[in-house]
Amino acid sequence: MKLRSAIYLASAALAFAALTLASTLPSGASDKVDPVADAKAFQKFFTDKFPKVKFEDFVNGPYSMNEDLYRQWQEKEQFPPYEFSLEMGKEMFSKPFKSGKSYEDCFPNKGIGIRQNYPYFDEKEGKVITLELALNRCREANGEPPFSYVKDEMAALTAYMAFTSRGKPMDIKIPNDPRALAAYENGKEYFYTRRGQFNFSCATCHVQSPGERIRAEILAPALGIVNAMPIYRSEWSGMGTTSRRFTTCNSQIRGVPMNPQDDEYRNVEYYLSYVSNGLPISGPGARP
Amino acid sequence: MRNMMQKSALVLALLAVVAVSALAAGSEDDFKAAYAAAEAANKEAGKLRNQWTTTAATLAAAKKSADAGEFDKATAAAKEAEALAKASIFQATSEKTRWKDLEIR
Amino acid sequence: MASSIRVRATASGETTEVQALIQHPMDSGFIKDAKGEIIPAHFIQQLTFEYDGKNVFTADWGGGVSKDPYVKFAFKGGKKGDELKVSWVDNKGATDTTTAKIQ
């Protein structure tokens with residue numbers, strides 16, 4: 001009984017907040033999708049909020065938000081925990097499939113130094129293709145079973161590919177195609193939509209509260225947040241993919257996660273990567 | 001006299017048993033209805049791709065209580081699950097427009 | 001197969017700073033797997049760093065040390081070009097050892 005009244009109260013509060021907010025914010029100006037303007041506003045928001053952080057340092061997430069954490073991380077980077085995964089990924093990448101081909105044959109430039117171009121919008125298929133998806137498609141095209149999107153093998157592969165692109169600026173393109181714009185907009189909507197019993201959106205933590213704590217963790221800013229992926233998380237005692245992070249974020253706020261690489265996740269990765277264009281790839285990363 | 005007493009006692013006892021089982025059966029029916037409503041609401045939330053983990057957990061707890069015959073407890077849990085599911089539907093529907101309030105412009 | 005031990009030793013003045021990263025599951029023996037069964041204890045019990053025939057650092061570990069442990073310490077002495085030997089033994093009796101040149 002108590003819970004139900006609490007929920008009704010929350011709903012009422014939500015409705016009230018909606019009324020007050022609606023009267024103070026400008027009504028959604030033009031409804032035209034303008035990614036260029038979005039990215040500009042997005043980057044300005046964070047650089048204004050953290051004027052002392054160098055632009056390229058936003059990709060270091062919580063480490064750029066806290067001096068003590070930064071020092072510990074610098075020490076650890078001399079012998080980074082993702083080294084083993086990175087080595088495994090390098091080995092896997094050139095090992096031939098049963099078909100005789102290898103991952104090198106599925107990607108431009110043999111897969112070296114191309115991570116910053118993912119995700120991209122495939123105009124033939126009409127959908128966003130992420131790096132993880134492309135890797136599994138490569139496997140399937142060569143008669144191999146796909147890897148789980150949330151386990152070590154996929155993380156090792158993306159770690160290696162990210163490493164070969166380190167320092168290169170994120171370079172996501174949105175073709176002049178209404179479907180691409182729709183995917184981008186869908187990703188943006190996902191990012192700001194509240195979900196789960198905790199009623200959090202991605203923005204709640206990564207736009208409203210970067211640098212602040214949630215329990216014992218320091219929150220990363222959304223700007224550049226995908227640039228460090230995949231990450232070795234001390235919390236996981238291991239490597240994790242973008243898919244793993246998206247799905248676990250959902251369940252942490254008590255929302256049932258979708259399947260890895262479902263449209264919403266591909267689109268939000270597309271959005272987040274695009275608005276971080278220009279920031280260097282820093283993956284694979286290490287996080288608390 | 002004694003026979004009469006025994007007979008009435010028996011009748012009373014039978015009546016009592018019938019009454020109790022009627023109550024229990026009513027409880028089970030209540031549970032079934034509440035559970036069905038909760039499941040339906042959660043399914044609806046699923047169509048909106050916005051289910052909560054706690055809804056599923058509460059539904060499971062309701063089922064567990066029902067299997068143990070604790071129908072009052074089970075019905076209460078089922079009603080809570082329904083409330084959670086409905087809240088998740090409300091969240092999904094209102095967020096369709098509300099998300100823009102959080103957007104950086 | 002590559003060694004499980006990565007080590008880097010740098011001599012600076014009178015001291016040598018050593019960092020090592022060791023690949024090991026370090027299972028405590030308390031964690032259950034997805035099926036609910038205990039993952040058996042499997043961890044390094046002793047880690048030693050040897051220079052010039054002497055142990056300059058010894059670690060006696062238990063299950064409380066995390067997976068893929070990282071160690072950093074400094075010792076007095078050590079010259080550039082000299083060798084540092086690192087070895088470990090785990091509770092299953094497995095061992096590994098490697099030698100690195102001090103930079």
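## Close-ups of chains C and A

**View 1. Asp52(C) and its loop.** Asp52(C) is found in the loop that links β3 (44-51) and β4 (54-60) of chain C. Keep in mind for this and every other view that the model is predicted. Is Asp52(C) buried or exposed? Asp52(C) counts as exposed, because just 12 C-beta neighbours fall inside 10 Å and a residue with 12 or fewer is put in that class. Now look for Asp82(C) as well: 30 residues separate Asp52(C) and Asp82(C) in sequence, while their C-alpha atoms are 8.3 Å apart in space.

**View 2. Chain C as a whole.** Stepping back from the loop, chain C has seven strands and zero helices. Reading from the N terminus, then, the elements go β-β-β-β-β-β-β. Along the principal axes, the C-alpha atoms of chain C fill a box of roughly 55 × 25 × 20 Å. How much of chain C counts as buried? The figure is 18% of its 103 residues. As for contacts in chain C with a separation of 6 or more, 51% of them are between residues 24 or more positions apart.

**View 3. The hairpin of β1(C) and β2(C).** Strands β1 (residues 5-12) and β2 (residues 15-22) of chain C run antiparallel and are joined by eight bridges. To check the register, start at Val7(C), whose bridge partner in β2(C) is Ala20(C). Then move along to Arg8(C), which stands opposite Gln19(C) in β2(C). As a reminder for reading such a pairing, side chains in a regular strand alternate between the two faces of the sheet. At the turn, two residues lie between the strands, and Gly13(C) takes a positive phi near 65°.

**View 4. The three-stranded sheet of chain C.** The hairpin strands turn up again here, in an open sheet of three strands with the order β1-β2-β5 and antiparallel pairing. Why do β1 and β5 (70-76) of chain C each have one side without a neighbour in the sheet? Both stand at the edges with a single partner strand, so one side of each is left open in that sense. From one strand to the next, the twist averages 15°.

**View 5. Where chain C meets chain A.** In this contact, nine residues of chain C face seven residues of chain A. On the chain C side, β1 and β2 each supply at least two residues. What classes of residue make up that side of chain C? There are four charged, three polar and two nonpolar residues.

**View 6. The two domains of chain A.** Domain 1 of chain A covers 35-74 + 175-287, and domain 2 covers 83-163. The C-alpha centres of these two domains of chain A lie 22 Å apart. Domain 1 of chain A puts 26 residues into the contact and domain 2 puts in 23 residues.

**View 7. The domain 1 side of that contact.** Which elements of chain A each supply at least two residues of the side of domain 1 that touches domain 2? They are α7 (178-192), β6 (238-240), α9 (242-252) and α10 (263-274). The largest share comes from α10(A), with five residues. By class, this side of domain 1 of chain A divides into five charged, ten polar and eleven nonpolar residues.

Methods:
Residues numbered from 1 in each chain as written. Chains lettered and ligands numbered in written order. Predicted model: local features only at pLDDT ≥ 70, side-chain atom pairs only at ≥ 80, totals over all residues. Pairing = 2+ DSSP bridges. Helix = DSSP H or I, 4+ residues; strand = E, 2+ residues; numbered from the N terminus. Axes fitted to C-alpha atoms, helices over the stretch in contact; angles between N-to-C directions. Contact = placed C-beta atoms within 7 Å. Nonpolar A, V, L, I, M, F, W, Y, C, P; charged D, E, K, R; others polar. Buried ≥ 20, exposed ≤ 12 C-beta atoms within 10 Å, placed from the backbone. Domains from an automatic or database assignment.
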